[in-house]
Amino acid sequence: MSLVSAAFLAFVAAALLLYYVLPKSIRLWVVLAASLAFAGFLGFYTLIFVLVSAVLCYVGGLLAGPSRKTAVRNVFTVITVVINLALLCAVKYYNVIGLASERLNLLFGATDKTNTFFLYAVPVGMSFYVLQTTGYILDCRWEKIAPEKNFFKVLLFSCYFPQLMSGPMNTYSALTEEFEKAKSVKFSLERISDGAVRVAWGFFKKLVIAERAAMPVNMIFADHATFTGWYVPLGVFFFAIQLYSDFSGCMDVVIGVSHMFGIELPENFNCPFFSKTVKEYWRRWHITLGAWLRDYLMYPILKSAPLIKLGDWSKAKLGKKRGKKVPTYVALLILWFAVGYWHGGLWNYVIGSGILHFIYIVLGMIFEPVSKKIRPKIKADKLYFRIFQSLRTFVLMLTGFVFFRSASIRDGVDMYAAIFRKGGAALNWANFTASGMNLANLIVLIVAVLVVLLVDAYKYRPSEDEPARSLIAALRSKGVVLLWAAFMLLLLATLIFGMYGLGYDSGSFIYARI
Amino acid sequence: MTREEIYGKLNEVFQDVFDDEDITVNDATVAADVEGWDSLEHINLIVAVERCFGIKFTMGETTGLKNVGEMVDKIIAHLG
């Protein structure tokens with residue numbers, strides 16, 4: 001079941017009805033039943049894997065908890081975390097395992113490489129909930145939380161349906177706090193209205209913008225032997241629009257639906273394309289993944305004995321200032337490799353969503369002292385420099401998107417080569433519109449992107465630590481009529497200009513396939 | 001060790017880690033108040049504090065501290 005479908009809306013409406021009509025004491029059972037039903041709709045293997053993951057999470061938490069000796073807890077933590085992550089790698093990234101995977105497929109009776117057990121067994125959204133459940137086990141080991149004795153609470157945490165497919169990732173303490181609050185939430189039209197506008201905004205971004213921007217992207221990336229030269233940056237530019245609208249639109253639907261149940265989920269985006277640096281960009285884009293990797297991967301690495309020893313050694317050799325950066329660079333390299341691998345397990349993801357960003361961030365850190373000295377001289381506080389910073393960051397992100405969108409690392413390199421290749425299709429309107437992007441589509445896309453830009457400009461706050469301003473709250477403060485007008489406008493715009501129906505695969509979000 | 005004595009040592013650690021001799025911290029000090037105290041420098045600070053007081057913060061404490069006041073509370077708890 002797709003998050004942008006009439007079936008999903010009907011499912012949410014039915015779940016909401018039961019949630020608010022039935023006694024409050026069984027509310028969370030309704031959410032659990034809805035979540036398991038949703039996992040079942042996503043596929044048999046998804047449901048099975050969700051259950052297996054929840055059992056592992058529950059048992060792992062109990063075994064890693066404080067009632068045992070430290071050595072025993074460490075062993076059980078390592079075993080359960082490794083099983084959890086190994087399942088993710090084995091099932092999700094079967095194509096990376098290569099020969100071993102082919103042999104496994106043959107064991108399951110597959111007759112050729114394309115029609116394999118593992119291809120169809122890939123559970124939806126597992127990249128998200130496996131990290132979330134792994135975080136739970138580690139939280140129990142580190143005594144951030146007490147292991148939960150009630151299995152059904154852990155199960156609900158593992159499979160809460162709005163965030164099951166694409167996040168946002170959450171911690172056990174934060175999500176269970178929301179579940180506890182939800183027990184006493186009263187039905188309010190205000191809550192439903194706010195959630196409905198957020199969901200409509202997500203549908204608008206996905207169906208009006210992302211699906212439209214995908215047309216030139218698909219054409220250019222599929223045939224970069226023909227579409228060379230300026231077509232390549234053009235294709236990547238449209239892909240940035242597509243990816244942001246797709247993933248942030250998905251999050252709008254997820255957060256909006258959850259809000260209607262009175263369960264608040266963390267924001268995953270905070271105006272990323274206004275970022276001054278790559279480092280800031282990653283604190284505004286896919287925020288919950290960054291927070292997870294910081295808390296559960298980077299901090300433990302940096303606090304480990306070998307890295308502390310490395311820091312002592314490098315400080316002695318290179319001096320305090322430069323030396324203390326060395327373990328940070330090592331931890332960042334591991335972190336960014338993990339980010340890239342998590343996105344797809346292939347080298348184009350490892351480079352495009354990982355190592356390239358590691359290089360940009362480290363270069364930014366190395367040149368920070370020089371940059372600090374230069375800034376007052378070039379009047380860096382002026383608007384023109386601020387715009388330059390955002391554009392520079394955007395262009396750096398595009399360099400990674402080339403690999404992210406390509407089918408392989410070789411394909412990504414060839415996309416770069418295509419920029420300089422002669423003899424491709426001429427850059428003209430007739431060739432560009434071969435993708436289906438006619439003048440009417442282009443005008444709709446430009447207007448819709450401008451609307452998103454204006455909304456982001458309203459929400460933007462210079463500090464990435466501050467939460468973005470809420471336009472929905474601002475509209476509501478002016479009267480509920482304005483909020484419903486916004487809802488109707490979004491609904492109409494999506495119905496008229498949205499790309500759905502036969503011939504479109506709008507049901508699938510890019511990050512739901514990760 | 002009294003809270004004042006802990007703050008005396010803690011100020012030295014902050015000044016050393018963030019390379020600024022003017023830094024003085026108090027219960028309400030948060031990361032945003034100290035230039036350079038970001039998620040990367042946080043661990044350098046934690047390790048320096050651990051060494052200074054001969055203690056070991058848990059990962060939960062490392063990621064869960066809300067301000068310097070909480071850090072001092074944890075130091076006192078570890079020192080027993």
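Modeller: A salt bridge is a side-chain nitrogen of Lys or Arg within 4 Å of a carboxyl oxygen of Asp or Glu. The model discussed here is predicted: local features need pLDDT of at least 70 and side-chain atom pairs pLDDT 80 or more, while totals for chains, interfaces and linings use all residues. Residues are numbered from 1 along each chain as its sequence is written, chains are lettered from A and ligands numbered from 1 in the order in which they are written, and side-chain values use heavy atoms, leaving out hydrogens and water.

Biologist: What makes Glu50(B) and Lys303(A) a salt bridge?

Modeller: The closest N and O atoms of Glu50(B) and Lys303(A) are 2.7 Å apart. This pair crosses between chains, from helix α2 (residues 39-53) of chain B, where Glu50(B) lies, to the loop between α15 and α16 of chain A, which holds Lys303(A). A value of 2.7 Å is within the limit of 4 Å, so the pair qualifies. The helices named here are DSSP runs (H or I, at least four residues; strands are E, at least two), numbered from the N terminus.

Biologist: Why is Glu50(B) called buried or exposed, and which word applies to Lys303(A)?

Modeller: Buried means under 20% relative accessible area, exposed over 50%, and partly exposed in between, with a 1.4 Å probe and protein chains only. Glu50(B) has 4% relative accessibility and therefore counts as buried. Lys303(A), with a relative accessible area of 10%, is buried as well.

Biologist: How do you know that Asp312(A) and Arg51(B) form a salt bridge?

Modeller: Their side chains meet at 2.6 Å, N to O. This pair also crosses between chains, running from helix α16 of chain A to helix α2 of chain B. Asp312(A), at 31% relative accessibility, is partly exposed, and so is Arg51(B), at 47%.

Biologist: How many salt bridges does the rule find across the interface of chain A and chain B?

Modeller: The rule finds 7 across that interface. A further example joins Glu35(B) to Lys372(A), with the closest N and O atoms 3.2 Å apart. Elements giving two or more residues to the side of chain A that touches chain B are α15 (287-302), α16 (305-318), α17 (320-323) and α18 (325-342) of chain A. The largest share of that side, 6 residues, comes from α15(A).

Biologist: How do you know which residues are in contact across the two chains?

Modeller: Contact means heavy atoms within 4.5 Å. On that basis, 20 residues of chain A are in contact with 22 residues of chain B. The two chains bury about 1,800 Å² between them, 56% of it on carbon and sulfur atoms. Within chain A, Tyr299(A), Lys303(A) and Lys324(A) lose the most area to chain B, together 36% of what that side buries. Buried area is the accessible area (1.4 Å probe) that two parts lose on being put together, summed over both.

Biologist: What makes Asp194(A) and Arg476(A) a salt bridge?

Modeller: Their side chains approach to 2.6 Å, N to O. The pair links distant parts of the chain, 282 residues apart: Asp194(A) is in helix α12 (residues 189-222) of chain A and Arg476(A) in helix α25 (residues 471-477) of chain A. Asp194(A) is buried, at 7% relative accessible area, whereas Arg476(A), at 26%, is partly exposed.

Biologist: Why does Ser35(A) count as buried or exposed?

Modeller: Ser35(A) is at 0% relative accessibility and therefore counts as buried. Ser35(A) lies in helix α2 (residues 27-42) of chain A. Beyond its neighbours within four places in sequence, Ser35(A) is in contact with Leu156(A), Cys159(A), Tyr160(A) and Phe161(A).

Biologist: What is notable about the phi of His286(A)?

Modeller: His286(A) has a positive phi of about 45° although it is not a glycine. Most residues other than glycine have a negative phi, and most peptide bonds are trans. His286(A) is placed in the loop between α14 (278-284) and α15 of chain A, and it is buried, at 1% relative accessible area. Glu143(A) likewise has a positive phi, near 60°, and at 48% relative accessibility counts as partly exposed.

Biologist: Which peptide bond is cis?

Modeller: The bond from Gly167(A) to Pro168(A) is cis, with omega near 10°. Pro168(A) lies in the loop between α10 (161-164) and α11 (172-182) of chain A.
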